[in-house]
Amino acid sequence: MTVRSSFVVVANRLPVDEITTSEGRQWRPSPGGLVTALHPVLAQYRGTWVGWSGGVGEAPEPFDLEGIRLHPVPLSADELERYYEGQSNATIWPLYHDAVETPVFKRRWREAYRTVNARFAEAAAEVAAEGATVWVQDYQLQLVPAMLRELRPDLRIGFFLHIPFPPIELFMQMPLRAEVLRGLLGADLVGFQQRLAAQNFVRLARHLLGLRYEGQTIIVDGRRVKAGAFPISIDVAEMERMAADPQVQARAKQIRAELGDPKTVVLGVDRLDYTKGIERRLKAFRELLADGKLSVPDAVMVQVATPSRERVEHYQALRVKVEREVGRINGEFGRVGVPAVHYLHQSYSRSELAALYCAADVMMVTPLRDGMNLVAKEYVASRADTGGALVLSEFAGAATELRQAFLCNPHDPDGVKDALLRAVHVDKVEARRRMRIMQRHLRAHDVGQWARSFLNELGVPEAT
Ligand code: ADQ
């Protein structure tokens with residue numbers, strides 16, 4: 001029997017990983033900001049999370065885990081390739097990120113996107129109670145709000161886009177443009193990371209569909225659809241607690257020792273994605289070594305690049321480029337036993353990441369375009385010792401809030417080099433002052449506050 005909920009989250013992935021143990025297949029929660037933020041609401045309303053479980057073929061039966069009902073949606077191997085790797089990650093992802101890689105448009109990917117979005121909408125319609133609130137997440141599911149409204153006009157529907165929303169001229173390239181826009185307009189509230197993105201959306205509605213708007217509210221068939229900015233954040237208290245853990249602190253010291261106790265540890269932590277500006281950052285580091293402004297072993301760089309979307313061509317090409325650049329830098333500037341760049345193409349536990357943050361004198365976050373960038377916020381929150389300095393791209397959503405970072409334009413190599421040098425040489429008092437202001441901001445704007453402000457705007461009574 002289907003359990004019906006008055007609060008439903010719809011996201012591409014369920015917040016779980018499948019593991020195989022001696023007792024067979026089991027599910028383990030995969031901790032993430034989204035599930036942390038939504039857990040109180042999901043628990044209070046006996047909520048359901050609709051999403052893909054990560055495997056292809058038939059979906060597992062719905063199940064409960066840590067007080068949340070999980071409702072898996074199946075994907076076939078073909079759909080995984082076309083809806084997820086194709087339309088989501090080779091068409092929409094690059095297009096919405098300023099086309100920093102050329103978006104690929106394919107008819108069969110669009111068709112799969114439509115089919116899979118319809119399946120998610122049907123699953124949400126099945127589990128939502130009369131008058132329930134449904135919160136749809138991200139670029140993989142932009143058609144869901146309208147499809148769901150068609151099936152269930154009684155629902156209150158919210159949508160949040162985690163990535164940027166492009167200016168009209170770029171959006172207009174997409175063959176599925178009107179359908180995607182109408183899809184989003186099926187929601188009562190469409191949330192973005194940035195005010196500029198919300199403005200792009202409102203203007204697009206007028207440009208493409210001739211819709212009238214008042215302020216940030218678009219009028220669609222007599223309905224009012226509100227657009228707004230809701231910058232996402234992290235679980236700040238949890239990050240602070242983890243970074244203060246004596247084991248994490250000890251591990252941070254050990255990492256520095258393993259790096260040869262250099263004066264300056266420069267760190268990058270990203271999914272291996274072309275939007276993250278990893279190559280630009282490496283290039284800036286190489287040029288500073290070549291100019292003699294930095295030198296090994298006084299300064300070393302650690303670049304963690306988590307494997308990501310490895311079957312998508314853009315990503316395969318990026319890996320080759322990044323690894324070639326790392327090889328070049330180490331070839332030119334490394335010594336036996338002392339590489340200039342420690343490159344790690346691996347995933348890490350939260351506590352190891354926290355230790356890396358604590359070990360780094362300078363954190364480099366240099367995306368060419370990024371909806372928010374949580375790594376920047378994690379670094380700031382983990383430096384309660386008020387050590388460290390953050391170099392941050394102006395093109396990350398986080399730059400709107402973290403104004404005391406060393407901001408740079410990642411397209412300008414001299415600008416990146418300059419910001420990095422300033423961060424390396426900043427005096428302790430000034431560094432602390434900057435960190436403290438940013439930490440104060442984050443404490444007042446954590447991920448719980450993000451979820452509450454979105455849900456309040458959508459008209460959901462606050463979780464108690
Ligand atoms: P992402 O593009 O995935 O998110 P980001 O916001 O930086 O980017 O989040 C990455 C997360 O992965 C961070 O929490 C980080 O700690 C973790 N991570 C990175 N490398 C890791 C590793 N090697 N091992 C383990 N964990 C690792 C999208 C948008 C962003 C937006 C978020 C949330 O692209 O702009 O901030 O969604 O809305």
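In this predicted model, the side chain of Arg 149 has a polar atom just 2.6 Å from the backbone oxygen of Gly 186. That side chain also makes a polar contact, at 3.0 Å, with the side chain of Asp 188. Leaving aside residues up to four places away in sequence, Arg 149 touches Gly 186, Ala 187 and Asp 188, along with Leu 155, Ile 157 and Arg 223. Arg 149 itself belongs to helix H4, which runs over residues 144–151. Is this arginine buried or exposed? Its relative accessibility is 15%, so Arg 149 counts as buried, the cut-off for that label being under 20%.

Just ahead of H4 in the chain comes a loop that follows strand S7 (128–137), and Asp 138 sits in this loop. Asp 138 isn't a glycine, yet its phi is positive, at about 80°. With 12% relative accessibility, Asp 138 counts as buried because the limit is 20%.

Asn 373 shows a positive phi as well, near 90°, and again the residue is something other than glycine. Its setting is the loop between strand S16 (362–365) and helix H13 (374–382). Relative accessibility here is 7%, so Asn 373 goes down as buried too.

Another loop, the one between helix H10 (278–290) and strand S14 (299–306), holds Pro 297. The backbone does something worth a look at this spot: the peptide bond leading from Val 296 into Pro 297 is cis, with omega near 10°.

Then there's Leu 65, found in strand S5 (residues 63–65). Not counting residues up to four places away in sequence, it touches Val 16, Trp 27, Arg 28, Pro 29 and Leu 70. Val 41 is 24 residues from Leu 65 in sequence, and their C-alpha atoms are 15 Å apart in space.

Stepping back to the whole chain, there are 16 helices and 18 strands. How does the radius of gyration fit with a compact globule? For 464 residues such a globule would come out near 23 Å, and the chain has 23 Å, so the two agree. The C-alpha trace spans about 65 × 50 × 40 Å along its principal axes. Buried residues account for 55% of the 464. Of the contacts between residues at least 6 apart in sequence, 73% link residues at least 24 apart.

As for the surface, about 19400 Å² is exposed, and carbon and sulfur atoms supply 48% of that. The chain carries 59 positive and 57 negative charges, whose mean positions lie 4 Å apart.

How values were computed. Residues numbered from 1 in each chain as written. Predicted model: local features only at pLDDT ≥ 70, side-chain atom pairs only at ≥ 80, totals over all residues. Heavy atoms only, no water. Helix = DSSP H or I, 4+ residues; strand = E, 2+ residues; numbered from the N terminus. Rg over C-alpha atoms; globule rule 2.2 N^0.38 Å. Buried < 20%, exposed > 50% of the residue type's maximum accessible area, 1.4 Å probe, protein only. Contact = heavy atoms within 4.5 Å. Areas by Shrake-Rupley, 256 points an atom, 1.4 Å probe, with all protein chains shown as cover. Lys, Arg positive; Asp, Glu negative; His and termini not counted. Charge placed at Lys NZ, Arg CZ, Asp CG, Glu CD. Polar contact = N/O pair within 3.5 Å; in protein donor to acceptor, adjacent residues only side chain to side chain.
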